[in-house]
Every structure is written in C-alpha cells, then in structure tokens.
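Hi,

Here is the structure I said I would pass on. Have a look at it first, and my notes follow underneath.

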Amino acid sequence: MSEENQTENGQAPSFGLQRTYIKDLSLEMPNAPGIFLEQEGPTVEVSIQVGGQQLAESVFEAVVTATVTTRIGDKVLYLVELSQAGIFEASNIPADQLDPLLGIVCPTMLYPYLRANVADTITRTSLPPLHLSEMNFQALYEQRVAQQQGGDQAQGEDSGLILPPGARN
C-alpha cells in the first residue's frame, strides 16, 4: 500500500454508506379537494438543507432535507418536507478532509434517495410526480464555507447550515 493512502497512524482511510432511511416525512394538502378544481398551473418552490452529526468515533449521520411547496395562485396545493438520512462509516480520514466528505460526498449519495421518495410521495396524492433537479452539493458547500469565513469575521459563529443560492439565514 502506498504512503499516500495511509494516515498518520499507518492505517488506510475507509469510507462507506451503511444505511439510508427516511428520518422525517410530512405531506400537507390543506386546500384539497377544492384545489383540484383549479385550472391554473402550479408554481413550485424547493428548499434544500444539509446537516448531520457524529454518532460514534467513526460513525456519522448525514441528513438532506427538501421542502417542496407547490401553489396555485395564493393557495397551497401541497407541501412536502422529507429528510433523507444515512449512516456513514468514515475512519482514518484526515481531519481537513472530513468536513468536505460529510458536506459534499454524503449529501450527494443521499440525494437520489430523497428525489425518488419525494416523487413517490407526491404520486401517492394522485397528482403527477415532481422530479427534483440535480443538485451541486460542492457548490453549496463552498457557499457555506465562504459565508462562514465572512460570518466568522462579523459574528464569530457558524450555523452549520448549507443554504441554496439566494437564501439567507
């Protein structure tokens, strides 16, 4: 094994997805059944957030949450909030690589599950499925790091939240 693939303690880094699961799922259709009579096309708003926590020495939970609000005019057609989580094993990872691993790689692995579960949930309402577009978690991570660097100078604290472009905490 080459020296490049080993950490300070001489062991090779390892990383793997252990399990995926839906941590939270909420569907609201507050204006049904009357909203089904509307002829106007809906507008869709999507918000994505990333979070996580360390569960054990080399075990981490990553969570990607999507909030989808669909309106016809000023009435809500449906509101879906889904948190897709995963348990990841990450051992012998250099400290400077752990945050990008958890902020980019883990959400990227979870996002296809989230997309499928959102589409399935909406389909079960008898409405056409909504297929969420691809997400660039590296760009979101870089945005968070840039906000932290600017915020660290101004506030000195980190919210730990990755926000989509244009959103502010």
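Below is what I found, starting with the core and moving on to the aromatic pairs and one of the helices. Keep in mind that this is a predicted model.

**The core**

The largest nonpolar core is made up of 24 residues. If you want a place to start looking, V64, Y78, L114 and L132 have the most contacts inside it. Strands and helices both feed into this core: β2 (43-56), β3 (59-72), β4 (75-91), α1 (95-123) and α2 (137-154) each give it at least two residues. The largest share comes from α1, with six residues. As background, nonpolar side chains in soluble globular proteins tend to be buried together.

Y78 is worth a click. Not counting neighbours within four places in sequence, Y78 is in contact with L27, E28, M29, V68, T69, T70, I122, L127 and L130.

**The aromatic pairs**

There are two aromatic pairs in the structure. One is F15 with F88: the ring centres are 5.7 Å apart and the planes sit at 10°, so this pair is stacked. It links distant parts of the chain, with F15 in strand β1 (residues 14-28) and F88 in strand β4, 73 residues apart. How accessible is each partner of this pair? F15 has 30% relative accessibility, so it counts as partly exposed. F88 comes out at 0%, and therefore counts as buried.

Y111 and F137 also form an aromatic pair, this one edge-to-face, with 5.5 Å from centre to centre and 70° between the planes. Because Y111 lies in helix α1 and F137 in helix α2, the pair ties together parts that are 26 residues apart in sequence. Y111 is buried, with a relative accessible area of 4%, and F137 is buried too, at 2% relative accessibility.

**Helix α1**

Back to α1, the helix that gives the core its largest share. α1 has 29 residues and reaches 42 Å from its first C-alpha to its last, close to the 42 Å expected at 1.5 Å a residue. There is still a bend of about 40° in α1, at L101. And which residues of α1 are buried? They are L101, G103, I104, C106, P107, L110, Y111, L114, V118, A119, T121 and I122. So that list takes in L101, where α1 bends, as well as Y111 from the edge-to-face pair. It also has L114, one of the residues with the most contacts inside the core, and I122, one of the contacts of Y78.

Cheers

How values were computed
Residues numbered from 1 in each chain as written. Predicted model: local features only at pLDDT ≥ 70, side-chain atom pairs only at ≥ 80, totals over all residues. Heavy atoms only, no water. Core = buried A, V, L, I, M, F, W, Y, C linked by side-chain atoms within 4.5 Å. Buried < 20%, exposed > 50% of the residue type's maximum accessible area, 1.4 Å probe, protein only. Helix = DSSP H or I, 4+ residues; strand = E, 2+ residues; numbered from the N terminus. Contact = heavy atoms within 4.5 Å. Phe/Tyr/Trp six-rings, centres within 6.5 Å; stacked < 30°, edge-to-face > 60°. Expected span 1.5 Å × (residues − 1). Bend = angle between axes of the 7 residues up to and from the residue.
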